[in-house]
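Subject: Structure handover

Dear colleague,

Here is the structure we discussed, with its sequence. My notes on what was found in it follow below.

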Amino acid sequence: MKDIAPGHSNVVPAGRVFRGSDRRATLREGLQGCGEYGHSQTAGRFYPIACVALEVTQRCNLDCTLCYLSDRAEMTYDPPLSVLFARLATIHSHYGPGVSVQLTGGDPTLRKVEDLEALCREIRRLGMRSCLMTNGIRASRAFLSRLAAAGLDDVAFHVDMTQERKGFDSEIELNTVRRNYIVAAHGLGLRILFNTTVFDGNLSDLPALARFMRDQPEIAFVSFQMQADTGRGVLRERPDSITQSSVMRAVEQGYGTPLHFDAAAVGHSGCNRYASVLTAGGRAISVLSHQRLVQQVIAALEQMDRSADAYLDTRDSVRRLVLRRPGLALRAAAHLAGCVLRLGMGLLRGRVRRQAVFIHNFMAADALEEDRCASCVFMVATGNGPLSMCVHNAQRDLHLAMPDKVDGPMGTYWWNSAMRDLSRHPELPGLDSPEQAPIKKLKGQLRARRQNRKGKS
Ligand code: SF4
């Protein structure tokens with residue numbers, strides 16, 4: 001169990017200090033500092049951050065064997081909406097309009113749908129994008145319809161064997177669940193994403209799972225997340241068989257083609273690998289197969305970028321590429337047309353779709369690498385501002401106890417997750433010890449330990 005240190009002294013410096021008017025500068029300098037700002041890099045060049053997680057609850061209706069939450073998660077109170085609105089304002093002031101905000105937890109669907117609607121509306125009002133990150137259990141079509149009407153942009157379903165869903169013995173069997181979730185979300189105007197944790201128990205299923213993802217035209221984004229030794233999960237150290245390389249090869253095997261994960265970078269290569277594919281009728285072709293062309297397009301877009309401190313306006317930039325660099329635009333269009341043609345018989349069986357494929361390599365809590373933390377593209381909103389996801393996971397108890405300050409028309413209030421409501425006083429209670437909690441409040445390692453002790457006595 002990690003101790004909660006007084007004050008903020010345990011916070012690993014994450015290099016996420018917002019400076020001046022160039023919102024991209026901090027990330028760019030972090031990547032430059034570790035030699036990751038090459039000609040293929042898009043982070044810090046076209047956007048100040050990839051996404052920011054807003055944790056709306058620490059509660060969950062599952063108990064995954066690799067859950068990143070704290071042992072104390074189920075003993076905490078949900079942040080009041082005023083706290084979440086204040087965090088949204090902070091995200092907006094750091095990264096500006098265009099940033100993707102992940103409504104996450106725990107499982108966010110355990111909150112009232114009205115709360116999530118209010119958050120979606122506020123995110124939309126601030127010009128940011130919203131993504132609901134859920135295990136899908138409570139995300140019915142009616143639920144998703146309400147959020148879509150309130151402005152939700154994306155829904156990301158987390159489904160895999162670490163969740164130990166009853167009646168499912170393999171990733172392949174879980175495809176029934178995935179299909180049901182796709183049906184629930186399809187046609188609501190939401191982009192559909194899928195997250196999978198890669199661990200020893202599903203590594204051999206990965207090619208077949210990747211093939212399933214490839215063959216679902218409704219899915220826009222697929223993320224494979226490598227086992228990380230952090231949080232309350234009972235599985236700990238990553239086995240040697242799981243490396244970025246072994247996961248990339250398994251995913252390529254499933255897609256049935258090389259995916260060129262090195263052609264375009266999204267942040268640090270030790271953290272993220274990105275591929276972009278066109279799919280149709282059970283075939284896939286990598287869009288990034290011509291690295292030199294990719295780099296030339298990146299350089300040209302950078303030159304023409306007028307929104308230089310926030311998010312690249314892709315449509316505007318492409319329009320200007322066509323007007324000002326017609327030769328390059330023509331070569332890029334010819335390359336894309338070639339990719340479409342190479343889909344061959346797939347074109348007769350289905351429509352052409354684009355899919356993004358990510359491999360995320362989260363760090364173990366006791367092995368954070370400073371350069372990767374300083375160039376992180378995946379942040380969490382805390383009461384103290386945005387922080388690298390891996391740093392946050394390593395220090396969850398500290399951040400659960402840390403106060404949020406909320407300024408309102410009636411004055412200043414304070415809150416931490418040991419409190420149901422806001423307080424007028426900055427002195428806040430500490431978190432209860434999970435050792436004292438009733439077993440129904442425990443998940444992960446602590447429950448396993450308590451049950452083991454019971455079994456022995
Ligand atoms: S990892 Fe599993 S248990 Fe943890 S919050 Fe996500 S779905 Fe819930």
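At what angle do the axes of helix 9 and helix 10 cross? The model is a predicted one, and in it the two axes cross at roughly 115° and come within 5 Å. Helix 9 covers residues 314-324 and helix 10 covers residues 326-342. On the helix 9 side, the contact is made by Leu 321, Val 322, Leu 323 and Arg 324. Pro 326, Leu 328 and Ala 329 meet them from helix 10. By class, this contact of helix 9 with helix 10 holds 6 nonpolar residues, no polar ones and 1 charged.

Helix 10 also packs against helix 8, at an angle of about 140° and with the axes 11 Å apart. The two helices are therefore oblique to each other, and their crossing is left-handed. Helix 8 brings Leu 293, Gln 296, Val 297 and Ala 300 to this contact, where they meet Leu 328, Arg 331, Ala 332 and His 335 of helix 10. The contact of helix 8 with helix 10 divides into 5 nonpolar, 2 polar and 1 charged residues. Leu 328 thus appears in the contact with helix 9 and again in the one with helix 8.

Another helix pair is formed by helix 3 (residues 113-125) and helix 4 (residues 141-149), whose axes cross at roughly 30° and come within 8 Å. That angle makes helix 3 roughly parallel to helix 4. The crossing of this pair is right-handed. From helix 3, Val 113, Glu 114, Leu 116, Glu 117 and Cys 120 take part, and from helix 4, Phe 143, Arg 146 and Leu 147. The contact of helix 3 with helix 4 counts 5 nonpolar and 3 charged residues, with no polar ones.

Now the ligand. Its surroundings include three cysteines, Cys 60, Cys 64 and Cys 67. Leu 62, Asp 63, Tyr 68 and Leu 69 are also around the ligand, as are Gly 106, Asn 135, His 158 and Arg 232. By class, this shell has 6 nonpolar, 3 polar and 2 charged residues.

Gly 106, one of the residues around the ligand, is also a point to check in the backbone. The peptide bond that leads from Gly 105 to Gly 106 is cis, with omega near 20°. Gly 106 sits in the loop between strand 2 (100-104) and helix 3.

A further backbone point is Glu 164, which has a positive phi of about 50° although it is not a glycine. Glu 164 belongs to the loop between strand 4 (154-158) and helix 5 (175-185).

Last, the salt bridges. How many does a search of the whole structure find? The search gives 28 salt bridges. Among them, Arg 23 and Asp 309 pair through their side chains at 3.7 Å, N to O. This pair links distant parts of the chain, 286 residues apart. Arg 23 is in the segment before helix 1 (25-33), while Asp 309 is in the loop between helix 8 (291-304) and helix 9.

Regards

Terms used
Residues are numbered from 1 along each chain as its sequence is written. This is a predicted model: local features need pLDDT of at least 70, side-chain atom pairs count only at pLDDT 80 or more; totals for chains, interfaces and linings use all residues. Side-chain values use heavy atoms; hydrogens and water are left out. Axes are lines fitted to C-alpha atoms, for helices over the stretch in contact, and angles run from 0 to 180 degrees between N-to-C directions. Helices (H or I, at least four residues) and strands (E, at least two) are DSSP runs, numbered from the N terminus. Angles under 35 degrees count as roughly parallel, over 145 as roughly antiparallel, 65 to 115 as roughly perpendicular and the rest as oblique. A crossing is left-handed if the near helix is turned anticlockwise from the far one by less than a right angle, and right-handed if clockwise. Contact means heavy atoms within 4.5 Å. Ala, Val, Leu, Ile, Met, Phe, Trp, Tyr, Cys and Pro count as nonpolar, Asp, Glu, Lys and Arg as charged, and the others, Gly among them, as polar. A residue is near a molecule or strand if one of its heavy atoms lies within 4 Å of it. A salt bridge is a side-chain nitrogen of Lys or Arg within 4 Å of a carboxyl oxygen of Asp or Glu.
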